[in-house]
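Here is a short report on one protein chain. Keep the sequence and the 3D view open as you read.

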Amino acid sequence: SAAGEVHGTTTTEWNNWYASRVSYPFGYGLSYTTFTQEIVEKNYNAGDALDKNGTITWKVKVTNTGAVSGKEVVQLYYTSPYTTGGIEKSHVVLGAFAKTAEIKPGESDTVTLTMKVRDMASYDYNDANKNGFKGYELEEGAYVLRLMKNAHEEITNVTYNVAETAKFDKDEVTGNTVENRFDKVSNYLLNDTKVENGNYYMSRADFAGTFPKTSFREDMPEWVKNGLNEWEVKNGKQTRDPALDQNDPEYTEVMPTFGAKNGIKLEDLHGLDYDDEKYEKFLDQFTRDQLVELSTRGNYWTGIDAPNLGMTKTSNIDGPYGFTPQSFVGNGAAKDYVWLGDVTLSAATWNVEIAYERGRIAGNFALWGTGEEYNRIGGFYAPAVNIHRSPFSGRNNEYYSEDGFLTGKMAAAEVRGANDKGFYTYVKHFAINDQETNRLGICTWLNEQSMREIYLRSFEICVKEGKTTGIMSSLNRLGYTWTGGCR
């Protein structure tokens, strides 16, 4: 975020830079009326020590001080303690938001903001603070929580404290171990000896000095070239990235069982745990031809017409705007539907209830059908939750925002709305799909902190809170490994 202190510049220099370049800060909005915001209740008082496993709760009273009715967005940001040379952190980060009901002139509405303390932790992928730990850390020090009109204009703030650095090595939802998974991707730039200071990544401590200046494509290291070569097609067969098989207990070259007579129908799997053994017995019933049909001709479809499996072929529809025709794959299911509008416009409302209703509308469309041959629609390739990294991305009109948290909250609500109608969602494009031109196979390099805190945050929220049951792969490579082939 652009607000606040910039190291190495004076306040005047910063204000002049900001005024000349920023027209509308993140979170900015227009209204026909005016509002005041006031914290009327909080569960931690100023100066209190925060419980690392606790939740911060604020109640904010919003009063309409203008002449017409309107709604207001209440935005909570936080500022974490920052050390030059330590874990990189934005000056302000969006932590919670809420949209009021419609408020008449002179009247008020009170909204509740909640944020888990551990959500303010930063991901230290390279032990930047030199404490022997890599993972999510809530560093000791002062944490300033800011009630703001947008990412630049503050209304008021409250300072809390973390007495001792907290290290989170387990995910609180899944219980899985939190550990680096993309060191080769993170360290590509760090290991390039031709890069001055050995670091291409931007740093808050030195924006000007770390701003990218040159391309490194023509000087690609040998180990990257070798990695790309592992995916070449040789003698009609595509080679594998050995890292896919390394220490992978699920990987096997043993052919699956085909045509078993286990008497299990697809409906028998409903509600079972993901690792229930009945899934394997069900899959053993596929014939070879059925598996080939599903695997090689499954785009824009789910399932196949297979009475022995209790499975009916249904259509999947693109995409984030609503249901669009897919005539180029022989699927005309969407021609009688209307579009739902741009998700960027949806995100601009900061209203999760609108996002939820958007999902329900999509689910209703699927239930109503068109009366045509392809009217059996089970799910759609949406919502799309990559970020607006650049204003020039060809897919920005399918994505919500430059902020992963706002994106995740809005998209998760849409997923819930669709799922409540029995309509499943393929949240996309997983992951780091930042451009449309040359999207196939482009090598994307970034460090694991930005990967987890920015690019993957929206997917995480859609899975944990939205409960999506589908994900669509991106088309790029993460490092030199194609995302669709990376376990």
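A residue counts as buried when its relative accessible area is under 20%. By that rule K428 is buried, and E398 is buried too. Keep this pair in mind, for it returns below. One caution comes before the tour: this is a predicted model.

## The whole chain

The chain has 487 residues, and 44% of them count as buried. It holds twelve helices and 20 strands. Its accessible surface comes to about 26100 Å². Carbon and sulfur atoms own 49% of that surface.

How do contacts spread along the sequence? Take the contacts with a separation of 6 or more: residues 24 or more positions apart account for 68% of them.

What about cysteines? The count of disulfides is zero. C462 is buried, with a relative accessible area of 0%. C443 is partly exposed, at 23% relative accessibility.

## Strands β3 and β4

Strand β3 covers residues 73-79, and it pairs with β4 in the antiparallel sense. The pairing runs over six bridges. Y77 stands opposite L94 in β4. Strands of a sheet pair through backbone hydrogen bonds, either parallel or antiparallel.

Is β4 mostly covered or mostly open? Strand β4, residues 93-99, is mostly covered, with five of its seven residues buried.

The loop between β3 and β4 contains K89. Is K89 buried or exposed? Its relative accessible area is 8%, so K89 counts as buried. A polar atom of the K89 side chain lies 2.6 Å from the backbone oxygen of P81. Leaving out residues up to four places away in sequence, K89 touches S80, P81, Y82, S122, E139 and R204.

## Salt bridges

Side chains of opposite charge can pair when their charged atoms come close. How many salt bridges are counted here? The total is 17. The table lists three of the pairs.

| Pair | Closest N to O distance |
|---|---|
| K59 and E41 | 4.0 Å |
| K428 and E398 | 3.8 Å |
| E460 and R457 | 3.9 Å |

Start with K59 and E41, whose side chains meet in a salt bridge. This pair links distant parts of the chain: K59 is in strand β2 (residues 55-64) and E41 is in strand β1 (residues 35-42). They are 18 residues apart. K59 is partly exposed, at 32% relative accessibility. E41 is also partly exposed, with a relative accessible area of 44%.

Now return to the buried pair. The side chains of K428 and E398 form a salt bridge of 3.8 Å, N to O. This pair, too, links distant parts of the chain, with the two positions 30 residues apart. K428 sits in strand β16 (residues 424-430). E398 sits in the loop between β15 (377-381) and α10 (404-419).

The third pair stays within one helix. E460 forms a salt bridge with R457, the closest N and O atoms being 3.9 Å apart. Both lie in helix α12 (residues 457-464). They are three residues apart, about one turn of the helix. E460 is partly exposed, at 26% relative accessibility.

Some salt bridges share partners. Such bridges join D318, R395, E398, K428, E436 and R439 into one network.

## A five-stranded sheet

Strand β16, home of K428, also belongs to a sheet. Which strands make up this open sheet? There are five, in the order β13-β14-β15-β16-β18, and the pairing is mixed. The edge strands are β13 (301-302) and β18 (470-473), each pairing on one side only.

Look at one pairing in detail. β16 and β18 run in the parallel sense and pair over three bridges. In β18, S473 is the bridge partner of F430.

In a regular strand the side chains alternate between the two faces of the sheet.

## A buried phenylalanine

End with F282, which lies in helix α6 (residues 278-283). Is F282 buried or exposed? Its relative accessible area is 4%, so F282 counts as buried.

Which residues does F282 touch? Not counting residues up to four places away in sequence, they are I264, K265, L266, L269, L309 and M311. G263 is another residue to locate: F282 and G263 are 19 residues apart in sequence, and 8.2 Å apart in space, C-alpha to C-alpha.

Methods. Residues are numbered from 1 along each chain as its sequence is written. This is a predicted model: local features need pLDDT of at least 70, side-chain atom pairs count only at pLDDT 80 or more; totals for chains, interfaces and linings use all residues. Side-chain values use heavy atoms; hydrogens and water are left out. Buried means under 20% relative accessible area, exposed over 50%, partly exposed in between (1.4 Å probe, protein chains only). Helices (H or I, at least four residues) and strands (E, at least two) are DSSP runs, numbered from the N terminus. Two strands pair if DSSP finds at least two bridges between them. Contact means heavy atoms within 4.5 Å. Accessible areas come from the Shrake-Rupley method with a 1.4 Å probe; for residues, only the protein chains shown count as cover. A disulfide is a pair of cysteine sulfur atoms within 2.5 Å. A polar contact is a pair of N or O atoms within 3.5 Å; within protein, one must be able to donate a hydrogen and the other to accept it, and residues adjacent in sequence count only if both atoms are side-chain atoms.
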